[in-house]
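Open the model in your viewer and keep the selection panel at hand. The stops below say what to select next and what is there.

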Amino acid sequence: MYELVKKVVGLRVEGAEHVPSSGPLLLASNHLSVTDSTFLPMAVARKVTFMAKAEYFTGRGPSGRFVSWFMSRDGQVAVDRDDKRAAVASLDTCLEVLRRGDAFGIYPEGTRSPDGRLYRGRTGVAWLALKSGAPVVPVAMFGTDRVLPPGRVVPRPARVRVVFGKPVQLAAIATDPENARERRAATEAIMAAIAGISGQEYVPRYARA
């Protein structure tokens, strides 16, 4: 299935040399489409676990069923964003993925961009990075919003490109995952790195779901 989908979209990968082949890894990506979590793992030569909205696991229609299948088959972490306690608890599950030495993918914006711009990141990404010590590799997705634009239920062919940037150096910015100011500073550094490779305009406020 992977190889077929990769051929259909002509998947292009850049910066793969920045992705460690083993050990804990945090992939922090922009978020344009529900299909981001389908294409990003295709660009990495290792398993990637994601934190994903609970509704991604109950999708309907051709695209919804495909995404649901993909999310469920690899033990992805479902999170109910309407339940703050559940959302916070899910971070501990994500941390365990990193402590096992595995790769974890996260969308710091917390939801898909409504207009293609890059929105303010939520500090869970910094908490995970600082708590685990895992390297943070910024990721830029291109073209996934054309494969499945918001409101569309049937995917369509479009070129997809995945770009990996150099790991974000957080040591000089923050060290304490429990310090809100340091988490915010680390998150802003991660978002700046994503913007640097995606070319997106940065919006200093949270995107609405």
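Contact in this tour means heavy atoms within 4.5 Å. The model is predicted, so local features are reported only at pLDDT of at least 70 and side-chain atom pairs only at pLDDT 80 or more, while totals for chains, interfaces and linings use all residues. Residues are numbered from 1 along each chain as its sequence is written, and side-chain values use heavy atoms, with hydrogens and water left out.

**Whole chain**

Start with the protein chain in cartoon view: 7 helices and 9 strands. Helices (H or I, at least four residues) and strands (E, at least two) are DSSP runs, numbered from the N terminus. Of the 209 residues, 50% count as buried; buried means under 20% relative accessible area, exposed over 50%, and partly exposed in between, with a 1.4 Å probe and protein chains only. Among contacts in the chain with a separation of 6 or more, 76% are between residues 24 or more positions apart.

**Strands β7 and β8**

Select β7, residues 136-142. Because 6 of its 7 residues are buried, β7 is largely enclosed by the rest of the structure. Two strands are taken to pair if DSSP finds at least two bridges between them. On that basis β2 and β7 run parallel, joined by 4 bridges, and Leu27 stands opposite Val137 of β7.

Now add β8, residues 161-164. β7 and β8 are antiparallel, again with 4 bridges. To check the register, display Met141 opposite Val162 and Phe142 opposite Arg161. β8 also pairs with β1 (residues 12-14), this time in parallel over 3 bridges; there, Glu14 stands opposite Val163.

**Asn30**

Next select Asn30, in the loop between β2 (25-29) and α2 (36-42). Asn30 counts as buried because its relative accessibility is 0%. Its side chain makes a polar contact with the side chain of Gln200 at 3.1 Å, and another joins it to the side chain of Ser29 at 3.3 Å. A polar contact is a pair of N or O atoms within 3.5 Å; within protein, one must be able to donate a hydrogen and the other to accept it, and residues adjacent in sequence count only if both atoms are side-chain atoms.

Show what surrounds Asn30, leaving aside neighbours within four places in sequence: Asp36, Tyr107, Glu109, Leu118, Val139, Ala140, Met141, Ile194, Ser198 and Gln200 are in contact with it.

**Glu109**

From Asn30, move to Glu109, in the loop between β5 (103-106) and β6 (118-119). Which side chain of opposite charge is nearest to Glu109? It is Arg117, 9.0 Å away, and Glu109 is buried yet has no salt bridge. Here Lys and Arg count as positive and Asp and Glu as negative, with His and the chain ends not counted; a salt bridge needs a side-chain nitrogen of Lys or Arg within 4 Å of a carboxyl oxygen of Asp or Glu.

Backbone nitrogens are found by the Glu109 side chain instead. That of Tyr119 lies 2.8 Å from one of its polar atoms, and the side chain also reaches the backbone nitrogen of His31 at 3.2 Å. Beyond four places in sequence, the residues in contact with Glu109 include Asn30, Gly121, Arg122 and Met191.

**Phe50 and Tyr107**

How many aromatic pairs are there? The count is 1. Select Phe50 and Tyr107: the pair is stacked, 5.7 Å centre to centre with 15° between the planes. Rings of Phe, Tyr and Trp (its six-membered ring) pair if their centres lie within 6.5 Å; planes under 30 degrees apart count as stacked, over 60 as edge-to-face and the rest as tilted. Phe50 lies in β3 (residues 48-53) and Tyr107 in the loop between β5 and β6, so the pair ties together parts 57 residues apart in sequence. Phe50 is buried at 0% relative accessibility, and Tyr107 is buried at 9%.

**Leu91 and helix α5**

Finish with Leu91 in helix α4 (residues 84-99), buried with a relative accessible area of 16%. Outside its neighbours within four places in sequence, Leu91 is in contact with Met51, Gly124, Trp127 and Leu128. The C-alpha atoms of Leu91 and Trp127 are separated by 8.6 Å, although the two are 36 residues apart along the chain.

Then select α5, residues 124-132, where 7 of the 9 residues are buried. Gly124, Trp127 and Leu128 are among them. Gly133 follows α5, with a positive phi near 75°.
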